[in-house]
Amino acid sequence: MLSLSRQLRHSQIPRTRLAQMASHLSTSGSANGGGQGGASPGFSLRELPKSNVFTSKLPADPAFPTPRDSHNAPRETLGPRMVKGALYTYVRPEPALSPELLGVSGAAMKDLAIKPDEERSEEFAHILAGNEIISWDEETGEGVYPWAQCYGGYQFGQWAGQLGDGRAISLFETTNPSTGVRYELQLKGAGKTPYSRFADGKAVLRSSIREFVVSEYLNAIKIPTTRALSLVLCPNSRVQRERLEPGAIVARFAQSWIRLGTFDLLRARNDRQLLRELAEYVGENVYKGWESLPGRLPSPDSTEVPRGVPKEKTEGEGKEAQNRFTRLYREIARRNALTVAAWQAYGFMNGVLNTDNTSILGLSMDYGPFAFMDNFDPAYTPNHDDFLLRYSYRNQPTIIWWNLVRLGEALGEQMGAGEWCDDEEFAKEGVRQARADELVQRAEHLIEQTGEEYKAVFLAEYKRLMTARLGLQTHKQSDFDDLFSEWLDLMEAHELDFNQCFRKLSDVPLGQIESSEQRKDVAARFFHADGVAGGEDTAKDRISAWLEKWRARVLEDWGEGQDEARIAAMKSVNPKFVPKGWILDELIERVEKKNERDVLKTVMNMSLNPFNETWGLDEEEEQRFCGDVPKYSRALQCSCSS
Ligand code: AMP
Ligand code: MG
């Protein structure tokens, strides 16, 4: 029995380290420590409505308190150092000579309300390479000045201290007038910031291509993610990695770039005022206000454990104990549960799920050694340096929860205070010794409850997605073992391609799998062209037995004669194109070494429309990109160096 049950067994809640918090608290005192752009014709980059909610509401690096202080400072003084009591530093991008625009995402243009064809304007690449600050007036000092965020993180389970945007610089926020969604646009690879530590602030073309493509692909298959607008090559910037490589800049955007690591850093520094300020900022300005957050769970003092996805409730016992910080924590956990469920359902692995790469909005983010599963193997990690398989496929739900427990520890004081969180003395000074134990106990209980909720939301979403991917309309308890687990088990045993199997299944008419003979014939369609692992006959028998059960369930849900509708429904959730490691490698090779440009358009077009049958491009190439992974390019791994 595989995956799910294992995934669940792995999803145990790690013991919190809240007890440690008591020591800080007892001092009681001052802290020191998809394409829905709407109908408007769109704007040029200059015309886009711009804002700076983040920098206007949160504290700046005291070394450069205003944009002008930073702007007038020599560029080299904006390099690496520790930044305290702040959430960002004003910093300008480094100039990039002769930038070449390699690609844009049409879906991103639309979502940002940028007018079609704007990418043809000469200044598009110039602005998105960071060569001009278009939102700030040097004379008056008015407008929006670029910034880099300050955060920390646990990397591979160890506290890593201050990290921050070491090579990402945010230009401005912009709100799409038709959708009302506000995004923060940033350039990755635009030069050094105070958060660059020992590195150069640059990004290489190789990793930039990967981020550009996968961000837009995940969005196209409806997995929450940060987005990518454009990819610019900086031919004059040669970047030293294992070899000298061309540099590039991706313009990427998200509703928020705040990470769990942003909270971690403030907790590590015991900066409880700023931590509270940040939590309030997130509740009020990133989420749509406290009222939008989920309702209260049963009282944390009751022994009742919520089952299933808790109903939205605004009243109930425990009302006083579940203050707004707890509801914020729960919403962050729920969003992450939804996203990790989608990763599991689509075989996506981030590869470096450190807390600095875990979004407070549950967005997939910070694309390094990520991969989509080729042959199904739950122990696979795409990260070459992940010897302990910490970030392997089957560990993802557990690891995201581990990260969320760290967030629970950071927010624990505010959560544990219950209704008393707005008491003036508490807000300013923290908890008194006499009540510290009570607070810690309550916070631990709330984190545990949120853990149950995380599991419930994860499971419900995983079931929903798998039900749809298998072409069913309802979910029955027995589907879990009979269909989901056996489907994954047989893929693992016979080394079948995970995503291809779903797409191939979509295309199977029920009339072709009535008899055992027929089913065995159809079974062979799931094999790789060069054969199947574990013996052909064994594989055929096992797949055939599964197809029989699947057929019965499809009939139960759809009735007879519904193939056409069922196939269409399945194809709308089972992508034909998946940007696998080998495709990205080929793409990089051709763009970087052979100076090809059209192939990037091809892959981007396929990524933005992954459920299509054809794309009207080079048919042979399209089919090759949707076909078998070449034998020696399966389960590739990447290093973190990018
Ligand atoms: P990542 O592994 O990409 O999530 O990065 C971890 C941390 O290292 C983040 O704070 C990054 O900003 C920083 N970082 C990674 N690569 C570079 C680079 N080439 N220059 C400066 N900072 C970097
Ligand atoms: Mg990161």
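The exercises below, each with a worked solution, concern the local geometry of a predicted model.

**Exercise 1.** Describe how strands β5 and β6 are joined, and characterise the turn that lies between them.

*Solution.* Begin with the pairing: strand β5, residues 152–155, runs antiparallel to strand β6, residues 158–162, and three bridges join the two. Next take a single residue as an example, and the partner of Y154 turns out to be W159 in β6. Finally consider the connection, where two residues separate the strands of this hairpin, and where F156, in the turn, has a positive phi of about 50°.

**Exercise 2.** Classify the packing of helix α7 against helix α19 from the angle between them, and then analyse the residues of the contact.

*Solution.* The first step is the geometry: α7 (residues 205–220) and α19 (residues 581–593) pack at an angle of about 125°, and their axes are 10 Å apart. Because that angle falls in none of the ranges for roughly parallel (under 35 degrees), roughly perpendicular (65 to 115) or roughly antiparallel (over 145), α7 is oblique to α19. The handedness of the crossing is right-handed. The second step is the contact, to which α7 contributes L205, R206, I209, R210 and V213, while α19 contributes L584, L587, I588, V591 and E592. Sorted by character, these residues comprise seven nonpolar and three charged, with no polar ones.

**Exercise 3.** Apply the same analysis to helices α15 and α18, which also pack against each other.

*Solution.* Helix α15 covers residues 498–506 and helix α18 covers residues 563–571; their packing angle is about 160°, with the axes 8 Å apart. An angle over 145 degrees counts as roughly antiparallel, and therefore α15 and α18 are assigned to that class. Their crossing is left-handed. On the α15 side the contact involves F502, R503, L505 and S506, which meet R566, I567, M570 and K571 of α18. This set divides into four nonpolar residues, one polar and three charged.

**Exercise 4.** Determine whether E586 is buried or exposed, and describe its surroundings.

*Solution.* E586 belongs to helix α19. Its relative accessible area is 17%, and since buried means under 20%, E586 is classed as buried. Leaving aside residues up to four places away in sequence, E586 touches R624 and F625. The C-alpha atoms of E586 and V599 lie 9.5 Å apart, although 13 residues separate the positions in sequence.

**Exercise 5.** Explain why helix α8 can be described as largely enclosed by the rest of the structure.

*Solution.* Of the nine residues in α8 (residues 260–268), eight are buried, so the helix is largely enclosed. The buried residues are L260, G261, T262, F263, D264, L265, L266 and R267. Just after the helix, N270 adopts a positive phi of about 55°.

Terms used. Residues numbered from 1 in each chain as written. Chains lettered and ligands numbered in written order. Predicted model: local features only at pLDDT ≥ 70, side-chain atom pairs only at ≥ 80, totals over all residues. Heavy atoms only, no water. Pairing = 2+ DSSP bridges. Helix = DSSP H or I, 4+ residues; strand = E, 2+ residues; numbered from the N terminus. Axes fitted to C-alpha atoms, helices over the stretch in contact; angles between N-to-C directions. Left-handed = near helix turned anticlockwise from the far one by under 90°. Contact = heavy atoms within 4.5 Å. Nonpolar A, V, L, I, M, F, W, Y, C, P; charged D, E, K, R; others polar. Buried < 20%, exposed > 50% of the residue type's maximum accessible area, 1.4 Å probe, protein only.
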